[in-house]
Amino acid sequence: MQFAIVDIETTGGFPDQHGMTEIAIVLHNGAEVEGKYETLINPHQPIPPYIANMTGISDKMVSAAPSFSAVAPQIFNLLKDRVFVAHNVNFDYSFVKYHLQQAGYQLNVSKLCTIRLSRKVFPGFKKYGLGHLCRELDIQITNRHRAGGDALATAQILDLVLQNNGMRLIKELLKRDNHSQTLPAHLPEQQVQNLPQLPGVYYFHDQKDKVIYVGKAKNLKKRVLSHFTGLDLSKKRQELLRTVHRISHVECPTEFVASLFESVEIKRLWPAHNKSQKRFEQVWGIFMFEDNRGYLRLAIDKKRKYLQPIMSFALLTDAHRMLWKLVKNFELNAALCFLDLTTQNEWPEVDSYNEKIKQAVQWTLEQKETFIIRDKSACVLVENGVFYGMGTPDEDISLAELDLLKEQLTSYPENEVIRSMIRNFTERYPAKVIKIA
């Protein structure tokens, strides 16, 4: 088996935004090192001071170095027929693959992570970073944080793996159906292998065990693996590869329930890597109040914490549309509803007008139905038009006995995303909706 042990230095952490400043490739035939390639690269962008201090590579040093496109043919020829090996391979591979692609070369080779290899062959170490591992294995690194020195140290780690009957393990890791090489370096493989192929919600945790991403899945194992496979070189994926240390999950009866629970959890945890659903929801309401002349009046306003509207809306235009509908259907006074700002010369009789308002409000209350969505064993309750909660009640419980049913459901806060999902689901699957009188 032919290996190419690679190490690179860069100007940052994302291949589509940053460049390489140095690359080293150590060629290994499975028994010994048979060649080495090393060069500085001009990234055509400034090297941040903290990186320059760590690597010792300055802007001046790379100013006369070749561009990556100039050395791309040679790099591609060295890598194309070999297993790509690196310490935390996903980082190095993503940079090299992206920049080769920009130069017109498609690199599609197997990859091997010496962090994952070392965890299996040399278990029990506290840390498996290159420096820590070399100290544990008594490997001397020269030119630490330079591509050449780190690549040679990684080659020595590979040698020790091979000397400890590691070829069998390497062949196992390189099988097409083995996804371990695509996983984040710090994520234990067993956590992914133990995921069920069922609907649910999954959580990515960082080094401090803080939840940094929440997702839902029809098939938990398949969905989690999809985050780390494929050709996605986006900033989001690269950041996940670096920061995920643990995965946890909650099984759900159906994908629909998982979608609702995902929204609840995103609002509760506010994870750093979730972008959708993380915005302030300005809710509008139609409110009723009595003015100093005794008129009951309807008005649109932002939803307040301690005031309950007769109807709520995510969009101001929807609130206006509904209020105009009430004005027309119940012959309300547009000026008394703050919809007509022209001067009002004649005012209706108070009692008869208030009766119309009461009829309009009663109609809105009748629109707030109580119903249950029965999705396989799951039960989602909407009470008076508001999402109450969900769960898996006993099969013999009567769905019409709301008080008993609610004891077996978990109550969750409603949000606009949940309202929208329930509305879409009931329209798509009316047979799963059970209305409660």
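**Entry 1: strands E12 and E13**

I began with strand E12, residues 370–375, and strand E13, residues 378–383, in this predicted model. Five bridges join the two, and they run antiparallel. I looked up one pair: Arg374 has Cys379 in E13 as its bridge partner.

Next I checked the loop between E12 and E13, where Lys376 lies. Its phi is positive, near 60°, and Lys376 is not a glycine. Is Lys376 buried or exposed? Lys376 is exposed, at a relative accessible area of 68%.

**Entry 2: the sheet around them**

I then traced the whole sheet. It is open, has five strands and follows the order E15-E14-E13-E12-E16. The pairing is antiparallel. Which strands are at the edges? I found strand E15 (410–411) and strand E16 (433–436) there, each pairing on one side only.

A helix lies across this sheet. Helix H16, residues 416–428, crosses E12, E13, strand E14 (386–391) and E16. I noted an angle of about 75° between H16 and E12.

**Entry 3: helix H13**

I moved to helix H13, residues 316–329. H13 has 14 residues and spans 20 Å from first C-alpha to last, close to the 20 Å expected at 1.5 Å a residue. I listed its buried residues: Ala319, Met322, Leu323, Leu326 and Val327. They sit on the same side of H13, because they cover an arc of only 145° around the axis. On the other side I found Arg321, Lys328 and Asn329 exposed.

What do the buried residues of H13 pack against? I found strand E9 (284–290), strand E10 (296–302), strand E11 (311–313) and helix H14 (350–367). After H13 comes Glu331, with a positive phi near 55°.

**Entry 4: the nonpolar cores**

I looked up the largest nonpolar core next. It has 55 residues, and Leu79, Phe84 and Val96 touch the most other members. Helix H7, residues 147–163, gives the largest share of this core, eight residues. Another core, of 23 residues, lies apart from it. Leu323 is one of its members, and so are Cys337, Tyr353 and Val361. Leu323 is also among the buried residues of H13. In soluble globular proteins, nonpolar side chains tend to be buried together.

I followed Val96 through its contacts. Not counting residues up to four places away in sequence, Val96 touches Val6, Ile8, Met20, Ile23, Phe68, Leu79, Phe84 and Leu107.

**Entry 5: helix H3**

Phe68 and Leu79 took me to helix H3, residues 68–79. There I found Phe68, Val71, Ala72, Ile75, Phe76 and Leu79 buried. Why are they on the same side of H3? The arc they cover around the axis is only 155°, which puts them there. I also noted what covers them: strands E1 (3–10), E2 (20–28), E3 (33–40) and E4 (83–86), and helix H4 (89–102), are included.

**Entry 6: the three-stranded sheet**

I turned to an open sheet of three strands, in the order E7-E6-E8, with antiparallel pairing. Strand E7 (211–217) and strand E8 (246–251) stand at the edges. Each has a single partner strand, so one side of each is left without a neighbour in the sheet. The twist averages 20° from one strand to the next.

How many bridges join strand E6 to E7? I found six between E6, residues 200–205, and E7, and the two run antiparallel. Tyr202 stands opposite Gly215 in E7.

Two helices pack on this sheet. Helix H11, residues 235–243, touches E6 and E7, and its direction makes about 115° with that of E7. Helix H12, residues 255–269, touches E6, E7 and E8, at about 165° to E7.

In the loop between E6 and E7 I found Asp209. Asp209 has a positive phi of about 70° although it is not a glycine. At 40% relative accessibility, Asp209 is partly exposed.

**Entry 7: Leu195**

Last, I looked up Leu195, in the loop between helix H9 (189–193) and E6. Leu195 is buried, with a relative accessible area of 5%. Leaving aside neighbours within four places in sequence, I found Leu195 in contact with Leu220, Lys221, Val224, Ile247 and His249. I also checked Leu195 against Tyr353, 158 residues apart along the chain. Their C-alpha atoms are separated by 62 Å.

Note on methods:
Residues numbered from 1 in each chain as written. Predicted model: local features only at pLDDT ≥ 70, side-chain atom pairs only at ≥ 80, totals over all residues. Heavy atoms only, no water. Pairing = 2+ DSSP bridges. Helix = DSSP H or I, 4+ residues; strand = E, 2+ residues; numbered from the N terminus. Contact = heavy atoms within 4.5 Å. Axes fitted to C-alpha atoms, helices over the stretch in contact; angles between N-to-C directions. Expected span 1.5 Å × (residues − 1). Buried < 20%, exposed > 50% of the residue type's maximum accessible area, 1.4 Å probe, protein only. Arc of directions from axis to C-beta. Core = buried A, V, L, I, M, F, W, Y, C linked by side-chain atoms within 4.5 Å.
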